[in-house]
Amino acid sequence: MKNDGGFIMLEALVALAILALAASTLMDTVVTQLSRVQQVSVTRAGEEQALATMMRFASDTSARPGEWSGDGRDGWSWQVTARPHREEGMPVRAGGSQLLEVEVTASRAGTRRDLITLRSLVRSSWSGQQF
């Protein structure tokens with residue numbers, strides 16, 4: 001029988017195998033990138049939760065030292081820790097506004113570690129007398 005220039009079955013199968021290998025590699029890459037996008041989205045939600053909590057605390061001029069925690073949206077929980085700010089060699093001011101060292105930590109349910117921690121100094125009308 002004379003070959004008239006067409007592909008034989010083995011060549012077609014090899015071409016399909018190469019195409020399937022390339023497609024599976026491409027799909028693996030797409031799935032990995034979608035997973036990373038989801039992780040970034042989750043982390044962004046935690047950052048927004050921590051920032052909103054920090055802003056709420058910072059806007060409260062009567063804020064006092066202490067610890068508070070609560071649950072946010074989408075499975076996030078937060079914790080606020082506020083301590084009087086102390087500078088080495090500087091006397092503690094009595095009365096007037098005080099600076100508080102504020103730390104806000106956000107974590108997601110089901111994780112064993114804190115995902116986001118924000119730290120800031122917040123001015124408060126707290127007198128510093130009852131700590």
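## Group meeting talk: a helix and four strands

Okay, let's start with one residue, leucine 121. Setting aside neighbours within four places in sequence, leucine 121 is in contact with His85, Leu99, Leu100 and Glu101. You'll find leucine 121 in strand S4. Is leucine 121 buried or exposed? Well, leucine 121 is partly exposed, and its relative accessible area is 44%. There's also proline 84, which sits 37 residues away from leucine 121 along the chain, and yet the C-alpha atoms of the two are separated by 9.3 Å.

Before I go on, please keep in mind that this is a predicted model. The average pLDDT for the chain is 79, and 78% of the residues score at least 70. Where is confidence lowest, and where is it highest? The lowest mean is 75, in S4, so our leucine 121 strand is the one to watch, while H1 has the highest, at 89. As a general caution, where pLDDT is low, the predicted coordinates should not be read in detail.

Now the overall layout. The chain has one helix and four strands, and if you read along the sequence you get α-β-β-β-β. The chain has 131 residues, and 21% of them are buried. Its accessible surface is about 9900 Å², with carbon and sulfur atoms accounting for 57% of that. And looking at contacts with a separation of 6 or more, 54% of them are between residues 24 or more positions apart.

Let's walk through the strands. S1 covers residues 66-71 and S2 covers residues 76-84; they run antiparallel, joined by six bridges. Within that pair, aspartate 71 stands opposite serine 77 in S2. What happens in the hairpin of S1 and S2? There are four residues between the strands, and aspartate 74 takes a positive phi near 60°.

Next pair: S2 and S3 are antiparallel too, with nine bridges joining them. Here serine 77 turns up again, and its bridge partner in S3 is serine 107. Then S3 goes on to S4, again antiparallel and again with nine bridges. As an example from that pair, valine 102 has serine 120 as its bridge partner in S4. One general point while we're on strands: in a regular strand, side chains alternate between the two faces of the sheet.

Which residues touch the most other members of the largest nonpolar core? That core has 16 residues, and the ones to look for are Phe57, Trp76, Val80, Leu100, Val102 and Val104. H1, S2, strand S3 (98-108) and strand S4 (116-124) are the elements that give two or more residues to this core. H1 provides the largest share, five residues. You've met two of those names already: Leu100 is among the contacts of leucine 121, and valine 102 is the partner of serine 120.

Last stop, the helix, H1, which spans residues 9-58. How many salt bridges does the structure hold? Just one. It brings together the side chains of glutamate 47 and arginine 44, at 3.3 Å from N to O. Both residues lie in H1, three residues apart, which is about one turn of the helix. Generally speaking, side chains of opposite charge can pair when their charged atoms come close. As for cover, glutamate 47 is partly exposed, at a relative accessible area of 34%.

Okay, that's my tour, thanks for listening.

How values were computed
Residues are numbered from 1 along each chain as its sequence is written. This is a predicted model: local features need pLDDT of at least 70, side-chain atom pairs count only at pLDDT 80 or more; totals for chains, interfaces and linings use all residues. Side-chain values use heavy atoms; hydrogens and water are left out. Buried means under 20% relative accessible area, exposed over 50%, partly exposed in between (1.4 Å probe, protein chains only). Contact means heavy atoms within 4.5 Å. Accessible areas come from the Shrake-Rupley method with a 1.4 Å probe; for residues, only the protein chains shown count as cover. A salt bridge is a side-chain nitrogen of Lys or Arg within 4 Å of a carboxyl oxygen of Asp or Glu. Two strands pair if DSSP finds at least two bridges between them. A nonpolar core is a set of buried Ala, Val, Leu, Ile, Met, Phe, Trp, Tyr and Cys residues joined through side-chain atoms within 4.5 Å. pLDDT is the predictor's confidence in each residue, from 0 to 100.
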